[in-house]
Amino acid sequence: MQVTKLGYGANSVGGHNLFSNVNDDTGKEVVKAALDNGIDFLDTAFIYGLGRSEELIGEVLKERGNRDKIVLASKAAHKLVNGEVVKDNSREFLRDSVEKSLKRLQTDFIDLFYVHYPDGKTPLAEVAGTLKELKDEGKIGAVGASNLSENQLQQFNQDGYLDVYQGEYSLLKREAEHFYLPYTVEHNISFVPYFPLASGLLTGKFTKEATFTDIRKKDPLFQGEAFLRNIEKVNQLKALAEEKDAEATHLALAWLLAQPGVDVIIPGAKSVGQLKNNLQTLDIQLTIDEVEKINHIFS
Ligand SMILES: NC(=O)c1ccc[n+]([C@@H]2O[C@H](COP(=O)([O-])OP(=O)(O)OC[C@H]3O[C@@H](n4cnc5c(N)ncnc54)[C@H](OP(=O)(O)O)[C@@H]3O)[C@@H](O)[C@H]2O)c1
């Protein structure tokens, strides 16, 4: 599977259950702009708008007629039971989820399908077996998993079925470096970092006085003293970026792309302007010295 280095993470496309400041039209405009600007890798999931993100992406791809040029990734694990979201990794549920995703995306093939979260009961080798079965049947192109503990990842991959692992990784969340990145490199598994901009914190647009009403309100990176320290680090990143005529966003994303084992990033964007801004990352070349300076700021 070959994709451009910078894909698009579409959790805000139709993601009304995650964010309050999104609407369908803007979501579709951002997806269209992504395609118009050469992005060929779209990351979605059922839980992004309870299927709405997939539907909107499906509509855009149908309008454009270029499904075969795009690498589509989606995920499942969540379902609504009596209005509550619960997780399910059973064979029956995952097979049904893929069928429903195919319909919403208006396609007959999903390039990469992840189990989004473990359900805490289905044995993970069995979950991997279900996705491998779907791959062998040609419904999906690659087996993915996300949000697994170290042990769970090893269990999932006991038969070597895992193609892509998606985990949180950014300048402000480095835990992936201790196990996930070495493991995926060793086992020839692609690692896709999520929250690459730490939900916007690494763009440098927030001041110490900023307050949050959305999912960031509960994110430890945005709390109290930690938030103030993070802002100070990001301000140093901004200063370094200015020396290169760039912005903190571009250095944060270019730094990720410079990490061994990271081949592609999927920053989110809630507007066409943000998307185009993020794409400027591809014009940035970091020297070894600059990577070291960035590491030092965030050490
Ligand atoms: N596997 C998983 O469990 C999991 C979990 C989370 C995310 N993901 C995937 O990873 C993707 C990326 O995560 P994310 O989108 O939540 O977080 P992110 O990429 O770290 O941050 C994206 C957010 O930052 C702000 N932003 C982005 N570009 C900007 C720019 N140039 N200037 C100013 N602000 C900008 C926007 O929010 P505001 O405008 O509101 O500040 C945007 O929604 C998701 O879309 C999803 O596909 C997967």
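Visitor: How do the residues of the shell around the ligand divide by class?

Guide: Happy to start there, with the reminder that this is a predicted model. The shell holds 9 nonpolar, 15 polar and 3 charged residues. Glycine is counted among the polar residues in this scheme.

Visitor: Which residues come nearest to the ligand?

Guide: Gly9, Asn11, Leu197, Gly200 and Gly268 come nearest, out of 27 residues around the ligand.

Visitor: Which helix gives the most to that shell?

Guide: That is helix 9, residues 272-279, which contributes 3 residues.

Visitor: Ser199 caught my eye in the model. What makes its phi notable?

Guide: The phi of Ser199 is near 55°, a positive value, and the residue is something other than glycine. Ser199 sits in the loop that runs between strand 9 (190-194) and helix 7.

Visitor: Why is Ser199 called partly exposed?

Guide: Let's count: Ser199 has 18 C-beta neighbours inside 10 Å. A buried residue needs 20 or more, and an exposed one has 12 or fewer. Because 18 falls in between, Ser199 counts as partly exposed.

Visitor: Which residues does Ser199 touch, leaving out those up to four places away in sequence?

Guide: Ser199 touches Arg216 and Asp219. As for Phe113, it is 86 residues from Ser199 in sequence and 23 Å away in space, C-alpha to C-alpha.

Visitor: Where does Leu50 lie, and what is its phi?

Guide: Leu50 lies in the loop between strand 2 (41-43) and helix 2 (52-64). Its phi is near 50°, again positive in a residue other than glycine.

Visitor: How do you know whether Leu50 is buried, exposed or partly exposed?

Guide: By its 17 C-beta neighbours inside 10 Å. Since burial takes 20 or more and exposure 12 or fewer, Leu50 is partly exposed.

Visitor: What about Glu55: how is its class decided?

Guide: Glu55, which is in helix 2, has 18 other C-beta atoms within 10 Å. That count lies between 12 and 20, so Glu55 is partly exposed. Setting aside neighbours within four places in sequence, Glu55 is in contact with Gly14 and Arg104. Its C-alpha atom is 9.7 Å from that of Leu102, a residue 47 positions away along the chain.

Visitor: What makes Leu35 partly exposed?

Guide: Leu35 belongs to helix 1 (residues 24-36). It has 17 other C-beta atoms within 10 Å, and because this is under 20 but over 12, the label is partly exposed. The C-alpha atoms of Leu35 and Arg64 are 9.2 Å apart in space, with the two residues 29 apart in sequence.

Visitor: And why does Ile231 get its label?

Guide: Ile231, in helix 7 (residues 224-243), has 17 other C-beta atoms within 10 Å. With burial starting at 20 and exposure ending at 12, Ile231 is therefore partly exposed. Beyond its neighbours within four places in sequence, Ile231 is in contact with Phe206, Thr207 and Lys208. From Ile231 to Glu126 the C-alpha distance is 43 Å, across 105 residues of sequence.

Visitor: How would you describe the packing of helix 3 and helix 4?

Guide: Two packed helices are described by the angle and the distance between their axes. The axes of helix 3 (residues 91-105) and helix 4 (residues 124-136) come within 9 Å and cross at roughly 40°. The crossing is right-handed. On the helix 3 side the contact is made by Arg91, Leu94, Arg95 and Val98, and on the helix 4 side by Thr130, Leu131 and Leu134. By class, this contact has 4 nonpolar, 1 polar and 2 charged residues.

Visitor: Which domain does UniProt list, and what does its span contain?

Guide: An unreviewed UniProt entry lists residues 5-296 as "domain: NADP-dependent oxidoreductase". In the model, that span is 39% helix and 13% strand, and its end C-alpha atoms lie 25 Å apart.

Definitions and conventions
Residues are numbered from 1 along each chain as its sequence is written. This is a predicted model: local features need pLDDT of at least 70, side-chain atom pairs count only at pLDDT 80 or more; totals for chains, interfaces and linings use all residues. Axes are lines fitted to C-alpha atoms, for helices over the stretch in contact, and angles run from 0 to 180 degrees between N-to-C directions. Helices (H or I, at least four residues) and strands (E, at least two) are DSSP runs, numbered from the N terminus. A crossing is left-handed if the near helix is turned anticlockwise from the far one by less than a right angle, and right-handed if clockwise. Two residues are in contact if their C-beta atoms, placed from the backbone, lie within 7 Å. A residue is near a molecule or strand if its C-beta atom, placed from the backbone, lies within 6 Å of it. UniProt positions are given in the numbering used here, feature names are shortened, and annotations may be inferred rather than shown by experiment.
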